[in-house]
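The following report examines selected features of one protein chain for a reader who is new to structural description. The sequence and the structure are shown first.

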Amino acid sequence: MCLGHTGAHNRVRERPDGHAGKTTFVKLLLRLYDVDEGAVTVDGHDVRDVTLSSLRDSIGYVGQENFLFDGTVAENIKYGAFDADREAVVEAAKRAQAHEFITNMPAGYDTEVGERGVKLSGGQRQRVAIARTLLQGPAITVFDEATSAVDTETELLIQQSIDDVAADRTTFVIAHRLSTVRDADTILVVEDGRIVERGTHDDLIDADGLYANLWRVQAGEIGALPAEFLEEASQRVAQQGLDTE
């Protein structure tokens, strides 16, 4: 897998059973473990040939659950960029679609969020985490299921944040909700650890393959799904039940 610093959105689409391998891609990029064969490169450089600190300083990660500590909103945004001034913190929050809700809080940016951000909603915690990542200014950002646990309106706000981030840096977005990846420059559809489809949303719809069928599911077009896809979906759901026993 070659990851280029092009400023493009590259988004990995995981199958519903959760075993496609998309998290593995992120771990390989971050060198949480290394490849057995081949190489992962960034701007032509094998990630094994650079220091871990320089590699990870260049990558910002926003997951489904992000840790906030017991402190103020501003302190949580500044985590990792401790010398940042208030102006920079506010600018990062604005880009993360977080400024409005923060200024509506009792003490604004000086509001205490509680242990693990308990005083904030899930969507608010996500946007604070995005602001933190933006403040650090990484060359590459990874959003790993960042919208999976929020409501539709909050998803829209987070999507705006992602679009703003992706405008000037390489951005990987891993998502179950296809609305999150629809506008990506390149969508990678992953099945059983392999990329089985690649292209824009329109390309993949025209190809009428796995992505197109998953899009029909999320668009409510169940009647247009082929019998083979429905049978495979039934088998996957049955396997999930066995995996949890």
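The side chains of R31 and D34 meet in a salt bridge, with a distance of 2.8 Å from N to O. The model in which this contact appears is a predicted one. How exposed are the two partners, R31 and D34? R31 counts as partly exposed, because its relative accessibility is 21% and the range for this class begins at 20%. D34 also falls in the partly exposed class, at 33% relative accessibility.

**Salt bridges**

Side chains of opposite charge can pair when their charged atoms come close. The structure holds four salt bridges. The table lists three pairs, including the one already described.

| Positive partner | Negative partner | N to O distance |
|---|---|---|
| R31 | D34 | 2.8 Å |
| R86 | D110 | 3.0 Å |
| R216 | D208 | 2.4 Å |

The pair of R86 and D110 deserves a description of its place in the chain. Which parts of the structure does the salt bridge between R86 and D110 tie together? R86 lies in helix α4, whereas D110 lies in the loop between α5 and α6, so the pair ties together parts that are 24 residues apart in sequence. R86 is partly exposed, with a relative accessibility of 41%. D110 is likewise partly exposed, and its relative accessible area is 44%.

In the salt bridge of R216 with D208, the closest N and O atoms are 2.4 Å apart. Is R216 buried or exposed? R216 is buried, because its relative accessible area is 17% and the limit for a buried residue is under 20%. Its partner D208 is partly exposed, with a relative accessible area of 46%.

**Places brought together by the fold**

D110 also takes part in another spatial relation. G71 and D110 are 39 residues apart in sequence, and their C-alpha atoms are 8.5 Å apart in space. G71 is placed in the loop between β5, which covers residues 59–62, and α3. With a relative accessible area of 3%, G71 is buried.

A further relation of this kind involves V90, a residue of helix α4. How many residues separate V90 and I77 in sequence, and what is their distance in space? The two are 13 residues apart in sequence, and 9.3 Å lie between their C-alpha atoms. V90 is buried, at a relative accessible area of 17%.

**A patch of negative charge**

On the surface, D70, E75, E112 and E115 gather in a patch of negative charge. One of these residues, E75, is placed in helix α3, which spans residues 73–78. E75 counts as partly exposed, because its relative accessibility is 42% and residues are called exposed only when they are over 50%.

**Aromatic residues**

The structure holds two aromatic pairs. One of them is formed by Y79 and F82, whose ring centres are 5.6 Å apart and whose planes meet at 85°. This arrangement is edge-to-face, because the angle between the planes is over 60 degrees. Y79 is partly exposed, with a relative accessible area of 44%, while F82 is exposed, with a relative accessible area of 58%. Which residues form the aromatic cluster? F69, Y79 and F82 form one cluster.

**Backbone angles in two loops**

Most residues other than glycine have a negative phi. Two residues are described here against that background. Q97 is not a glycine, yet it has a positive phi of about 60°. Where is Q97 placed? Q97 is in the loop between α4, residues 86–95, and α5, residues 99–103. At 29% relative accessibility, Q97 counts as partly exposed.

R116 is not a glycine either, and its phi is positive, at about 60°. R116 is found in the loop between α5 and α6, the latter helix covering residues 122–136. R116 is exposed, because its relative accessible area is 55% and the exposed class begins over 50%. The loop between α5 and α6 thus holds R116, and D110 of the salt bridge with R86 lies in the loop between these helices as well.

Conventions:
Residues numbered from 1 in each chain as written. Predicted model: local features only at pLDDT ≥ 70, side-chain atom pairs only at ≥ 80, totals over all residues. Heavy atoms only, no water. Patch = residues over 30% accessible without salt bridge, like charges linked within 9 Å, V, L, I, M, F, W, Y side chains within 5 Å. Areas by Shrake-Rupley, 256 points an atom, 1.4 Å probe, with all protein chains shown as cover. Lys, Arg positive; Asp, Glu negative; His and termini not counted. Charge placed at Lys NZ, Arg CZ, Asp CG, Glu CD. Helix = DSSP H or I, 4+ residues; strand = E, 2+ residues; numbered from the N terminus. Buried < 20%, exposed > 50% of the residue type's maximum accessible area, 1.4 Å probe, protein only. Phe/Tyr/Trp six-rings, centres within 6.5 Å; stacked < 30°, edge-to-face > 60°.
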